[in-house]
Amino acid sequence: MDFSEAEAEVYKLERGDLLIAEASGSPKHVGRAALWEDQIPDCCYQNSVIRYRPRVTHPSYALAVFQHYAASGAFARVARGVNILHLGVGRFEQMPFPLPPYAEQERIARELDTRNSELNKADAHLRSAASKISRQFEEILAMAASGQFAPRESVTAAGTTEAENDSAPVDALYNIPRSWNWVRVDAVGEVTIGRQRHNRNSETSIIAPYLRVANVQEAYIDTTDVLEMPFEENEYQHYLLKSGDVLINEGQSPELVGRAAIFRDDVQGACFQNSLIRFRASNLVLPEYALLIFRHYLHSGEFKKIARWTTNIAHLSLKRFAAMPFPLPPLSEQKQIVSEALGRLSAAHEQEVSVASSLENIARMREELYAAAISGSLSDQRPEDESANVLLSRAAADQHGPHDYRPSEAAVMTPADRRADRNATERNTSEEMGSVNNTRHALAQAIVAAGRPVTLAELYLLCGYDKDSVADIEQFYLRLKEELGKSIKHHSGQGEEIYLEVIEDATA
């Protein structure tokens, strides 16, 4: 994005800034915060982000406050919007902020760093375990599809390929046992594309539920959101699902195209849409074995290879799916393969659930950590710490000076003073964050007082706006938009700099 020199001065990020997501479609994500550490040189920020530049707060402590507000729903409660929730700069600035003495903030920040480091290590170990379990699923499916769970005497010798099997009617994808054959998918089952969705209704129509891509997850049918549409009698019988039918995602993202599950009368009288393919197994194959093969094709990328893409959607097509090679073992071996594979997949699933539960526990521990940080239970309170009220007073006395307001002199306080100070701090901080500087001048008056054309950055400061306040930045540009062409005009100076000057007739 292009920024003028003046805009870059206003919107440039500095190390220690906090960035807060101003808007999100999810209540959990609105207000999500992160610490800026100069990851990108000379970087600015967009209006979908709120910048918080610490003045009387330690960046790590402020981050903990905002992360607690996001996790506890405090940001979501003040946000406004229907599909997209907006936090709003004004509402953000008016929120109460629990402000301890700066020395205590530093102690809290150090404790946060230590504990977050421990949680990060645990999180990394668990995610590594989750990745290994995911690979374990893929390996189990590959073993099932290649005959490694079949009786030993039927397993092919190493190096044997299906090119040596004269009965193979299709190209082989990989080695399989000698007792198996490569056949087409449509040789072992009936394949049918679903019905196109429409709302045309007649007196003889049957209103029936139907399944679509969203309902067919990997190895299970999700019935939380099942829709209905009209079918004529002959259509209804054609598209009616039976227990044991395997449903495959015909149109999906490239990584998920071909995702499959077995229908087990999950929805009585259900049909299926044309975003799905139905595979109805013949007496040559078990539906459970066919599902193992289709899941292997999903994870090994075989479905992705034959799919055709349109924008972000990949399509298998009924014709290409029907012609795919299918490894066919004897029925007796299929039963053994299904039993062994399902047992191993079940054990891997239990491990997956356990790891996911542990990851959720880590997330809860982080939330508890942030709650402890802002409640005063993560660090001790010391009477020699400079009062938060004194800190605020020093900051208010020097609004445009340096932003380092660490304690200069220790203020000794009694426990009673500390309690009273803590009760007042939250109110004072809210007022300090949300206050509006009434000494700001009108833009045209500031230019007249300067006695010369001024740059955008100069005008901003001449009017008394705080360059570190997001609300001030927005208010300044709203005023500028109102006055441009009415009381103020602009012209180009040397280079690309823009200068603003007063329209004489407007101030007469």
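Visitor: Which residue just after H5 takes a positive phi?

Guide: Gly-147 does, with a phi of about 90°. This is a predicted model, in which local features need pLDDT of at least 70, side-chain atom pairs count only at pLDDT 80 or more, and totals for chains, interfaces and linings use all residues. Residues are numbered from 1 along each chain as its sequence is written, and side-chain values use heavy atoms, without hydrogens and water.

Visitor: What makes residues 102–146 a helix, H5?

Guide: A helix is a DSSP run of H or I with at least four residues, a strand a run of E with at least two, and both are numbered from the N terminus. H5 has 45 residues, so the run satisfies that definition. From first C-alpha to last H5 reaches 64 Å, close to the expected 66 Å; the expected span is 1.5 Å times one less than the number of residues.

Visitor: Why are E1 (residues 18–21) and E3 called paired strands?

Guide: Two strands pair if DSSP finds at least two bridges between them. Here 3 bridges join E1 to E3, so the two are paired, and they run antiparallel.

Visitor: What makes E3 and E4 edge strands?

Guide: The open sheet has the order E3-E1-E4. Strand E3 (33–35) and strand E4 (49–52) each have a single partner strand, so one side of each lacks a neighbour in the sheet.

Visitor: Which residues does Phe-279 touch?

Guide: Contact means heavy atoms within 4.5 Å. Leaving aside residues up to four places away in sequence, Phe-279 touches, among them, Val-185, Asp-245 and Phe-294.
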